[in-house]
Each structure stands twice: as structure tokens, then as C-alpha cells.
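Work through the exercises below with the model open. Try each task before reading its solution.

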Amino acid sequence: MDDHGRESDSRPADDGVPDGPPLEHRPPDPLPYEGVWRFTAPAVDASVPQARHAVRDLLYRQRVPASPDLVHGLLLIVSELATNAVRHAAVLSPTLAVEVAVGAEWVRVSVEDNHPYRPTALEADHGRTGGRGLLLVREIAREAGGVCDIEHTASGGKVVWAALPLRPTQLP
């Protein structure tokens, strides 16, 4: 997989000279694990486990404070979305892109392809062995207190994404 990550710690060294607004008006510095990383791969079966391993390694390398359950859910989402892109979009999209965006309190994973078809979540049909990937993604996101959606890209393709909170949602 080609890694097109943008590390968040690429700021110049502090020379002691204040630059910009006073400290009380500055936004907080990003946490060490915050950033956006993008991986591209051919739309073939072998790219699915590669995408999952790349996301797992990235979360570990960046020391994202995610629980094991959250990481498991994110990796399952990446597997399902990458599999969908390989199975249903490869005809018109020879590559797929996996993006991981980590904020202070959330993680967003997405898979982008150049196929214009917008998938829909199928209802559970116990007679079928497939076709429930997007339904599973929505359920994982919902149970974690997150959200998922599908957006069209400017180039006519689509991005399917899920954002999950890093910390458990607080009940009132």
C-alpha cells in the first residue's frame, strides 16, 4: 500500500520567539496522535487484509488511545468497506483509497473508490451469505456511539466512512 500520510508533528522547532496571537487566543496544539493518513492500493482481494493491517499498525504507531474493542470495530469496518470496493467497484475503479483521520476525541475511517454507484444497506437475509457489510458497518458505528455515511466525490466516485468516538459516550 502506498502511504500518503501527513504526520501531525511536522511543525518547526520552537525558537522561543512568539509568533501569532497570544497564548490565550491560540487553538490548542494537536495531540501527538492527531492527523490524517491516506493509503492507496489496487482494487484486488489482497488489498483488504493489507488495508486492515495498515490501519492497525498506524493506530499502534501513533499511540492512538483506542480501546481494544474500538480498534476491533474500526478494523472490521475497514475490512467491510475495502471488500465492498473490491467486489463492487473494481470494474470502474482500479484503485481504492483508505483514509484514517484521528482527532482528539474520534477516529474516522473511510474507503474511497471511483465507481459512481451509491450502495445501500441490505436487510438481514439469513438465506444469503453476503450483502450485509454496510449493515454491519452501520451497526458497529451505532453501538460505539458513532456515525457512518456515504458521500459522492468531485470526480464522480464515492467515499464510505464511519467515525467512532475514542472515549465511551457518557450516559445522562
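**Exercise 1: a helix pair**

Helices α2 and α3 are roughly antiparallel to each other, a term for angles over 145 degrees. The model is predicted: local features need pLDDT of at least 70, side-chain atom pairs count only at pLDDT 80 or more, and totals for chains, interfaces and linings use all residues. Residues are numbered from 1 along each chain as its sequence is written, and side-chain values use heavy atoms, with hydrogens and water left out.

Task: Describe the packing of α2 and α3 by angle, axis distance, handedness and contacts.

Solution.
- Step 1. Locate the helices: α2 covers residues 68–89 and α3 covers residues 133–143. Helices are DSSP runs of H or I with at least four residues, strands are runs of E with at least two, and both are numbered from the N terminus.
- Step 2. Take the geometry. The angle is about 155°, and the axes lie 9 Å apart. Axes are lines fitted to C-alpha atoms, for helices over the stretch in contact, and angles run from 0 to 180 degrees between N-to-C directions.
- Step 3. Assign the hand. The crossing of α2 and α3 is left-handed: the near helix is turned anticlockwise from the far one by less than a right angle.
- Step 4. List the contacts (heavy atoms within 4.5 Å). From α2 come G73, L76, I77, E80, L81 and N84; from α3 come G133, L134, L136, V137 and I140.
- Step 5. Sort by class. The contact of α2 with α3 has 7 nonpolar, 3 polar and 1 charged residues. Gly counts as polar here.

**Exercise 2: the chain and its core**

Task: Lay out the chain, then find the residues that touch the most other members of the largest nonpolar core.

Solution.
- Step 1. Count elements: the protein chain has 3 helices and 6 strands. Their order is β-β-α-α-β-β-α-β-β.
- Step 2. Check burial. Of 172 residues, 39% count as buried, meaning under 20% relative accessible area with a 1.4 Å probe, protein chains only.
- Step 3. Check contact range. Among contacts with a separation of 6 or more, 68% join residues 24 or more positions apart.
- Step 4. Find the core, a set of buried Ala, Val, Leu, Ile, Met, Phe, Trp, Tyr and Cys residues joined through side-chain atoms within 4.5 Å. The largest has 38 residues, and V64, I77, V100 and V107 touch the most other members.
- Step 5. Name the suppliers. Elements giving at least two residues each include β2 (35–42), α1 (47–61) and β6 (158–165). Helix α2 gives the most, with 10 residues.
- Step 6. Inspect V64. Leaving aside neighbours within four places in sequence, V64 is in contact with Y33, L59, V102, V107 and L166.

**Exercise 3: three sites**

Task: Which of G103, S110 and A90 are buried, and which are partly exposed?

Solution.
- Step 1. G103 sits in the loop between β3 and β4. Its relative accessible area is 3%, so G103 is buried. Beyond four places in sequence, G103 is in contact with Y33, E34 and L166.
- Step 2. S110 belongs to strand β4. Its relative accessibility is 5%, so S110 is buried. Not counting residues up to four places away, S110 touches A97, V98, E99, V159, V160 and W161.
- Step 3. A90 is in the loop between α2 and β3. At 26% relative accessible area, A90 is partly exposed. A90 and P42 are 48 residues apart in sequence but 8.6 Å apart, C-alpha to C-alpha.

Definitions and conventions: Parallel < 35°, antiparallel > 145°, perpendicular 65-115°, else oblique. Buried < 20%, exposed > 50% of the residue type's maximum accessible area, 1.4 Å probe, protein only.
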